[in-house]
Amino acid sequence: MRGQHKGSELAYTVDQLKNKKNLVDVAIVGSGPAGWSSAVYAARFGYYTLVLAGPVPGGQLTKTSFIENWPGEHKIKGSLLVHNIAEQARMFGANVLQDTVTKIDTSAWPFELTTEQGHVIHAQSVIIATGATPRRLGIPGEQEYWGNGVSTCAVCDAPFFKDKVVVVAGGGDSAAEEAMQLAAHVKQVILVVRKSQMRASHIMRQHLEKTSNITVRYNLEIERVVGDEQGVTAVELRNNKTHELSEQQCSGVFIAIGHDPNSELVKGKVDLLPSGHIICYDGTRQTSVPGIFAAGDVEDHRYRQAGSGAGRGIEAAIDADRFLREVGLTQEVRQNMTKQGGYFEQGVTAHVEIPEIKTPEEFTEKTGSAGFTLVDFFSYDCGPCMTMMPAMEAAAAKYTRQINFYKVDVVKAPELVMKLQVPHVPYVLIYKDGVRVAILNRALGRAELFEQLEQIIK
Ligand code: NDP
């Protein structure tokens, strides 16, 4: 459809793209499984696709442990899974910008996206895949044992607590569901509810009552998560009526006190549920503004799985394709825009595969050569490493003439790790003419990494 799009006040004609700069066909805001899966499809359709990675590249998956419920993968680290989807999308030509969208102007088409680093991008279609943030209790020990006994995902982690005692915090449907999922694996579930009754639906409460290894305890608040180097060992509880303190031994703590969809960016621009979730219409991923789509936890308050998020990302890309074709964004129009240099280029990371070093011999040879050599020790098991990897790839693209970049997967190179006494990952060694000149021993964001590299090569 050309001209005014059905159900919208906005005019959508390809003439409006003339003389516009920094255009993208499909802008994907967010880089979790929904965002990257939509990128696989959009890029494969041949659209200029830009993923704006956001503040947590990879999303919630980079903060979980192993995933055992992704169809076709028996067991895979969350961060590796999302890395693989990203690789596939980039192979099809998707571009990524390690930046965060701070504003979307939906008052005219193409939509205008402004980023933290000051880019202004014009997008013919936008897929919002910003995910959700699980609420946390904010108590001592919660952060310390995160991923090591403390979790927000029973579906993902329940099998790791076979025959153990676990505590679930919360009183809504999510907490009831988490408890039910856990009960099928663990010895006992203690559901800790802060009020004298649960908010969960009647049917869910009935399910809980019928499950023999679930105990619901009321008027209790978790004060502290206790543990040792193996993980969680107990929680400290306070009865908010009697103020009595007690300790409950357990191996896991599942926090199910709700999620907050990350929809702030589009609040007041597209229709939202009272919970903040974006509303999609007619069984599609179309929001109330034609050309703006939503996928994953930011719009899904029911399933909230990595796999379902990926599916919804795919749907969003198919819907975006249909929309772009209706608007008249033909191959010819896109070729003209390319000729006029209308497409967005600044800061976009070309796909750079950093070569891997596996042996001490290779390491000595590469780091001994003239000029600057950087070696990034990482592991797919390490969330911060995988969060830093896109920044490292962006650096490899930017400093391609000044620095030789290599990476070492510590799991695959134990001999080298032992020889160099690599204390932890991420760990980055930088050499000049065979002499070590710098060590970066923590995860750095893109801006920080670039700043450090600038200083070193000066
Ligand atoms: P809810 O907002 O419904 O419930 C959150 C629960 O967590 C409440 O019981 C709340 O307690 C408790 N809570 C909040 N903060 C704290 C805290 N700091 N300490 C202890 N407890 C706390 O969120 P849900 O994720 O459970 O559900 C969200 C929506 O999704 C609901 O509409 C629900 O019906 C739906 N849903 C549906 C499912 C299904 O149909 N199968 C499954 C899961 C969710 P309090 O009551 O005291 O405020």
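Helix α4, which spans residues 173-183, gives the most to the shell around the ligand, contributing 3 residues in what is a predicted model. The shell as a whole consists of 15 residues, and the closest of these are Asp-173, Ser-174, Glu-177, Arg-194 and Arg-199. Sorted by character, the residues of the shell divide into 3 nonpolar, 6 polar and 6 charged.

Several contacts to oxygen atoms of the ligand can be followed individually, and they involve both backbone and side-chain atoms of the protein. An N or O atom in the side chain of Arg-199, one of the closest residues of the shell, lies 2.5 Å from an oxygen atom of the ligand. On the backbone side, a polar atom of Gly-171 is 3.1 Å from a ligand oxygen, while for Gly-172 a backbone N or O atom and an oxygen atom of the ligand are 3.2 Å apart. With respect to coverage, the ligand on its own has 910 Å² of accessible area, of which the protein covers 73%.

Attention can now turn from the ligand to the aromatic rings. A pair of aromatic rings is described by two quantities, namely the distance of the centres and the angle of the planes. Across the whole structure, a search finds 11 aromatic pairs. One of them joins Tyr-12 to Phe-323 in an edge-to-face arrangement, with 5.5 Å from centre to centre and 85° between the planes. This pair links distant parts of the chain, since Tyr-12 belongs to strand β2 (residues 11-12) and Phe-323 to helix α6 (residues 306-327), with their positions 311 residues apart in the numbering. Tyr-12 and Phe-323 are both buried.

Phe-323 also takes part in a pair with Phe-293, again edge-to-face, for which the centres are 6.2 Å apart and the planes meet at 70°. Here, too, distant parts of the chain are linked: Phe-293 sits in strand β21 (residues 292-294), Phe-323 in helix α6, and the two are 30 residues apart. Phe-293 is buried, as is Phe-323. Which residues form one aromatic cluster? The cluster is made up of Tyr-12, Trp-109, Phe-293 and Phe-323, so that both of the pairs just described, Tyr-12 with Phe-323 and Phe-293 with Phe-323, fall within this cluster.

A further arrangement involves a charged residue and an aromatic ring, in that Arg-136 lies over the face of Trp-146, at 3.6 Å from the ring centre.

Notes
Residues numbered from 1 in each chain as written. Predicted model: local features only at pLDDT ≥ 70, side-chain atom pairs only at ≥ 80, totals over all residues. Heavy atoms only, no water. Near = heavy atom within 4 Å. Polar contact = N/O pair within 3.5 Å; in protein donor to acceptor, adjacent residues only side chain to side chain. Areas by Shrake-Rupley, 256 points an atom, 1.4 Å probe, with all protein chains shown as cover. Helix = DSSP H or I, 4+ residues; strand = E, 2+ residues; numbered from the N terminus. Nonpolar A, V, L, I, M, F, W, Y, C, P; charged D, E, K, R; others polar. Phe/Tyr/Trp six-rings, centres within 6.5 Å; stacked < 30°, edge-to-face > 60°. Buried < 20%, exposed > 50% of the residue type's maximum accessible area, 1.4 Å probe, protein only. Lys NZ or Arg CZ within 6 Å of the ring centre and 35° of its normal.
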